Amino acid sequence: MRKNVTEVFLPETVEELWSILDRHKSADVYAGGTDFLVKQRNVLLKLDTLVCLERMSELRGVRARQDRIFVGATTTHTQLHTDQRIREAFPVLAKAVSLIGSPAIRNMGTIGGNIVTASPAGDSLPALHILGAEVEIRCSEGSRRLPIGEFIRGPGQVDLRAGEIVSGMWLPKERHFQIQSFEKVGLRNGLACAVASLAAVVNVSQKNIIEQIRLAWGSVGPRVVILPQVERSLEGRPFTLQTMRSVVPMVEESVSPMSDLRASDGYRRMVAASLLLRLASQ
Amino acid sequence: METRIDVEPDRRVVDVLREDLGLTGTKESCGTGDCGSCTILVNGESRLACLMLAVQLKERDVVTIEGLSQGSGLHVIQESFIAHGAVQCGFCTPGMIMAAAHLLKTKPRPSRGEIREGLSGNICRCTGYQKIVDAVEFASERLDSEEERD
């Protein structure tokens, strides 16, 4: 049972938003509500004020610049994974968000929400890390930017101060990676919270030698797991199953998963390494 | 049909539909977005009524299961569900049909795999899904051949 909420605001402009947040210092902000309204139901919070961002057109949509793309925070997962520019430039991100929840959840849930929820199992997060996403944070006084790895501090913990919202994220359009992959393992095919996931981008030479590789694991640590030592160990070697097998012990040792109701830590370690083997088997 | 109601802004849409408007076709099973039994269409898009607050419906076009068919007959999808034995206890059915309605609008002739994917947010405990997929496949063929779009 939820306690009474006194007011719910639906601002349409940033000016309205700052005015509301200024008058209601302890307001809770949400966009799609697919995480927030579930948490609100499970935790007996006395909420004074709610602000829903879904009508703010300034925060929604994909805007392409010459060398980077801006994705507004309230862009829904459906809007994001069906956007042709995202599908072309960042297929790993399009794939990742297409696997979140269910069709209706994707129509409501937003990329900004996925970032701010900062779940260790957040499906967009590994891809955002390897793509070098920068989070844009705005308040009435101005804005700032942080690399996503610095913005997310821990499970459910982000560098967001009172009066600030995430307004979107910037994705640099670097040279196109030939191989872009995201795989998620869960207890079922839909509406599944990831037990382990891997986002990867790879460039290989004509002779199938790994020139550049970036890997990010989800659900095997409090935050997205990046293993530079594994990446360095793989660069310059053939992009084969045999090469990947040689780094399995390093991967299994370096991830730090938890045991919970979905899977044991041992299983997650194993799957984290297996996902790398699958990458070379595609 | 424009409706004006006076409700507390923090009431969930599923409660407003069922209790304030008497539209009990939309069901609540989990209340956390995991079952799909509360699926409705808002501005033509499938949404979960248990995860929306009443105020979010302001100036929005809402279609519930009660409003899917035009006139006094049943919608092609509803008729197909009945004809294919895709309804047992019926609790998941309104949500399934609304999800199917949205799917067929965005993908007029889906494969069986695409149907399963489109209904992946809706859980059924009775039918084993096979007949539901049959029903949606048949409805998609009917709709496509009649060139009827909702």
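This note goes through some helix packing and a few single residues of chain B in a predicted model.

1. Start with helices α2 and α3 of chain B. Helix α2 covers residues 76–83 and helix α3 covers residues 93–106. The two pack at an angle of about 125 degrees. Their axes lie 10 Å apart. That angle makes α2(B) oblique to α3(B), because it falls outside the range of 65 to 115 degrees for roughly perpendicular and is not over 145. The crossing is right-handed.

2. Which residues make the contact of α2(B) and α3(B)? From α2(B) come B:Ile77, B:Gln78 and B:Phe81. From α3(B) come B:Thr93, B:Met96, B:Ile97, B:Ala100, B:Ala101 and B:Leu104. By class, seven residues of this contact are nonpolar and two are polar. None is charged.

3. Helix α3(B) also packs with α5(B), which spans residues 130–146. Here the angle is about 40 degrees, and the axes are 11 Å apart. This pair, too, is oblique, because an angle must be under 35 degrees to count as roughly parallel. The crossing of α3(B) and α5(B) is right-handed.

4. Now the residues between α3(B) and α5(B). On the α3(B) side they are B:Met96, B:Ala100, B:Leu103 and B:Leu104. They meet B:Ile132, B:Val136, B:Ala139, B:Ser140 and B:Leu143 of α5(B). Eight of the residues in this contact are nonpolar, one is polar and none is charged. Look again at B:Met96, B:Ala100 and B:Leu104. They take part in the contact with α2(B), and they also meet α5(B).

5. B:His102 sits in helix α3 of chain B. Is B:His102 buried or exposed? B:His102 is buried, because its relative accessibility of 13% is under the 20% limit. Its side chain makes a polar contact of 3.1 Å with the side chain of B:Ser46. Set aside neighbours within four places in sequence, and B:His102 is in contact with B:Leu41, B:Gly44, B:Glu45 and B:Ser46. A residue of chain A, A:Asn107, is in contact with B:His102 as well.

6. B:Glu137 belongs to helix α5 of chain B. At 24% relative accessibility, B:Glu137 counts as partly exposed. Not counting residues up to four places away in sequence, B:Glu137 touches B:Arg112 and B:Ile115. How far apart are B:Glu137 and B:Leu17? The two are 120 residues apart in sequence and 29 Å apart in space, C-alpha to C-alpha.

7. Two loop residues deserve a look at their backbone. Most residues other than glycine have a negative phi. B:Asn43 has a positive value, near 50 degrees. B:Asn43 lies in the loop between β1 (39–42) and β2 (45–48) of chain B. With 47% relative accessibility, B:Asn43 counts as partly exposed.

8. B:Glu59 is the other loop residue. Phi of B:Glu59 is also positive, near 55 degrees. Where is B:Glu59 in chain B? B:Glu59 is in the loop between β2 and β3 (62–63). B:Glu59 is exposed, because its relative accessible area of 69% is over 50%.

Terms used:
Residues are numbered from 1 along each chain as its sequence is written. Chains are lettered from A and ligands numbered from 1 in the order in which they are written. This is a predicted model: local features need pLDDT of at least 70, side-chain atom pairs count only at pLDDT 80 or more; totals for chains, interfaces and linings use all residues. Side-chain values use heavy atoms; hydrogens and water are left out. Axes are lines fitted to C-alpha atoms, for helices over the stretch in contact, and angles run from 0 to 180 degrees between N-to-C directions. Helices (H or I, at least four residues) and strands (E, at least two) are DSSP runs, numbered from the N terminus. A crossing is left-handed if the near helix is turned anticlockwise from the far one by less than a right angle, and right-handed if clockwise. Contact means heavy atoms within 4.5 Å. Ala, Val, Leu, Ile, Met, Phe, Trp, Tyr, Cys and Pro count as nonpolar, Asp, Glu, Lys and Arg as charged, and the others, Gly among them, as polar. Buried means under 20% relative accessible area, exposed over 50%, partly exposed in between (1.4 Å probe, protein chains only). A polar contact is a pair of N or O atoms within 3.5 Å; within protein, one must be able to donate a hydrogen and the other to accept it, and residues adjacent in sequence count only if both atoms are side-chain atoms.
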